[in-house]
Amino acid sequence: PRDRQDASSVGARIEEEDNKNYCATCNHEGRVKATLKKKTVDYCFPYTSSISGATVLFVVIVVFLVIILVATMHITTKRTARIEHRTASTTLMKSRTPLWPTPIIHIVNTRFMQHQGNLTTLATARLHLFRTVCFPSMLHQKNQNFLWIIKVDPFLDIHIQNELLRIIHEDIDLFDNLMMSDEAMNGTNFTSLRERIFVIGSNTNFLTGHNQGAWRGGLESQEILSHLLPEDHMLTSKHGMRGTRIATHQSGICSGNIEWLQKAKESEQYKIVLETRLDADDGLHSNYIEYVQNDALRKFGSFPVSPVDTLEQGLLEPNQHSDYYNWYYWCAESHLKWYIHGHGERGQLDGEKRSNFCITPGLTVGFNIGIDLKDVPQYGHHELYEKLQENHHICKSANSFKQEKDEDAVCLDFVKDFIAAVRSRTETSAGMADIRMSEENASRPQDEQEQQQHEKQEDDVLWDLLWKNFGLLDDSFVEVKKYFEQHRKQIAIENLEGQCRGDHSCKVSSRIQLKQIINSS
């Protein structure tokens, strides 16, 4: 039946068929109820003349359930993806447990004889400076949490390269035995430092006026690891250090534990990244690495140490707290200069303070988590301070409204708490800046005995500072000076030949100075 009239006829048909007393009625839901003596029969049919409230309620309930189902599926999908992401990160951590163990990845970059691999007298002179000035200053760093990348010419003379490796490994043993007896150095892990010094055959450099790229973003670590040779060419030292092998002209990574490089590469996006420049003839105060890292934590904030925690807390985005910086530079202010042609058998020390110019030793750039290389302005060390001040770069978070009034608005700090660096001023310098030509020119008037005695006392104080703050022995400078005096002309000839190679200095003034040394020797 399709309507009320048809429904009424149903009862009539039943009555006619059963010939019994009954009552047939039709309710508003479109059901016919036929009551007989012994049973009640329901007949259901579509009632199209109107829509009941129950039907509307039923439809609403169905729609509501569908919405809940869709929402549940969406939430489940997101949760599954998050679990998979976390599982992948956890798997990554387990594959090389642990990853980088501290909040900061600190890379120290040093260049040695790049594009000058065949100049052996010049290389030997620079080896003397490396062993006397640069290397001991890094061994004496109170904070040893850094990777030291030493890049050499891929075709550096084989004897020079092996001597460099010998200095690194043997001098670590020497300093280990010597310094562990000193209370101030007790507890420093020199064996660990052995694993984090890498000599790499490469002429490619990054940052501060070099190629575009850095450890942040992976270009620098990718370039370094591209020099890794197959494992069957690697040897294991007596200290169990992986990645140490005999140098050849095809040398890639000749020292250090490769796993540290891989950990730093995999972790760089989750960590604060610092990169410090240190030339092979310069040195840093024993507190320098620790000072810069502590200041970086103050400026960038303290973050989780694992990729999983970083992902969980959403810290891959730049920190927007107004007190935090996105990037920053540090430079040494007060520093010592060692003149090899100063008076005395060990040369002469002098001090200098530069408050508006960044010298190369200790020049550091820092990247906060979530900050890319493109977000950080880059200039050569000689113009860095001036350009940052001139261009009013913003290095604080977007929520900071005090940037223009801050005295740190230049986004660069000069380390002022101590004499931060020592620089060698010799004929091996590529730029030949501030090089004394002879002891006669270096000597100041000493007409009175009292003045001479005063100068000697000042000199003794500086040499004492050099030992206490840098770990440099004055006796070592005596040997270096002897070598330079014996080979001065050849050193100048090879330095002149090495000018303008690669990204070395190519100044006319440098060439004139070197020719003067050659002609006068």
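Two strands count as paired here if DSSP finds at least two bridges between them. Keep that in mind, since I will talk mostly about sheets. The model is a predicted one.

I start with the sheet of 4 strands. The sheet is open, its order is S8-S14-S10-S11, and the pairing is mixed. At its edges are strand S8, residues 282–284, and strand S11, residues 348–353, each of which pairs on one side only. From one strand to the next, the twist averages 20 degrees. Strand S10, residues 334–339, runs antiparallel to S11, and 6 bridges join the two. To give one position, tyrosine 339 has glutamine 348 in S11 as its bridge partner. Helix H3, residues 120–139, packs on this sheet and touches S8, S10 and strand S14, residues 421–425. The direction of H3 makes about 15 degrees with that of S8.

Now the other sheet. This one is open too, with 7 strands in the order S6-S5-S4-S7-S12-S9-S13 and mixed pairing. Strand S6, residues 197–201, and S13 are the edges; each has a single partner strand, so one side of each has no neighbour in the sheet. Neighbouring strands are turned by 20 degrees against each other on average, ignoring direction. S9 and S13 run parallel and are joined by 4 bridges. Alanine 332 has valine 415 in S13 as its bridge partner.

Which helices lie across strands of this sheet? H3 lies across strand S4, strand S5 and S6, and runs at about 175 degrees to S5. Helix H8, residues 288–300, lies across S4, strand S7, S9, strand S12 and S13, at about 155 degrees to S9.

Next, helix H10, residues 384–391. Its buried residues are Leu384, Tyr385 and Leu388. These cover an arc of only 100 degrees around the axis, which places them on the same side of H10. What do they pack against? The buried residues of H10 pack against strand S9, residues 327–332, and strand S13, residues 412–415. After H10 comes histidine 392, with a positive phi near 50 degrees.

Last, a helix pair. H3 packs with helix H13, residues 474–498, at an angle of about 150 degrees, and their axes are 8 Å apart. Angles over 145 degrees count as roughly antiparallel, and H3 and H13 are therefore roughly antiparallel to each other. The contact includes Leu122, Leu129 and Val133 of H3, and Phe477, Tyr483 and Ile491 of H13. H3 passes H13 in a left-handed crossing.

Definitions and conventions: Residues are numbered from 1 along each chain as its sequence is written. This is a predicted model: local features need pLDDT of at least 70, side-chain atom pairs count only at pLDDT 80 or more; totals for chains, interfaces and linings use all residues. Side-chain values use heavy atoms; hydrogens and water are left out. Axes are lines fitted to C-alpha atoms, for helices over the stretch in contact, and angles run from 0 to 180 degrees between N-to-C directions. Contact means heavy atoms within 4.5 Å. Buried means under 20% relative accessible area, exposed over 50%, partly exposed in between (1.4 Å probe, protein chains only). The arc is that of the directions from the helix axis to the C-beta atoms. Angles under 35 degrees count as roughly parallel, over 145 as roughly antiparallel, 65 to 115 as roughly perpendicular and the rest as oblique. A crossing is left-handed if the near helix is turned anticlockwise from the far one by less than a right angle, and right-handed if clockwise.
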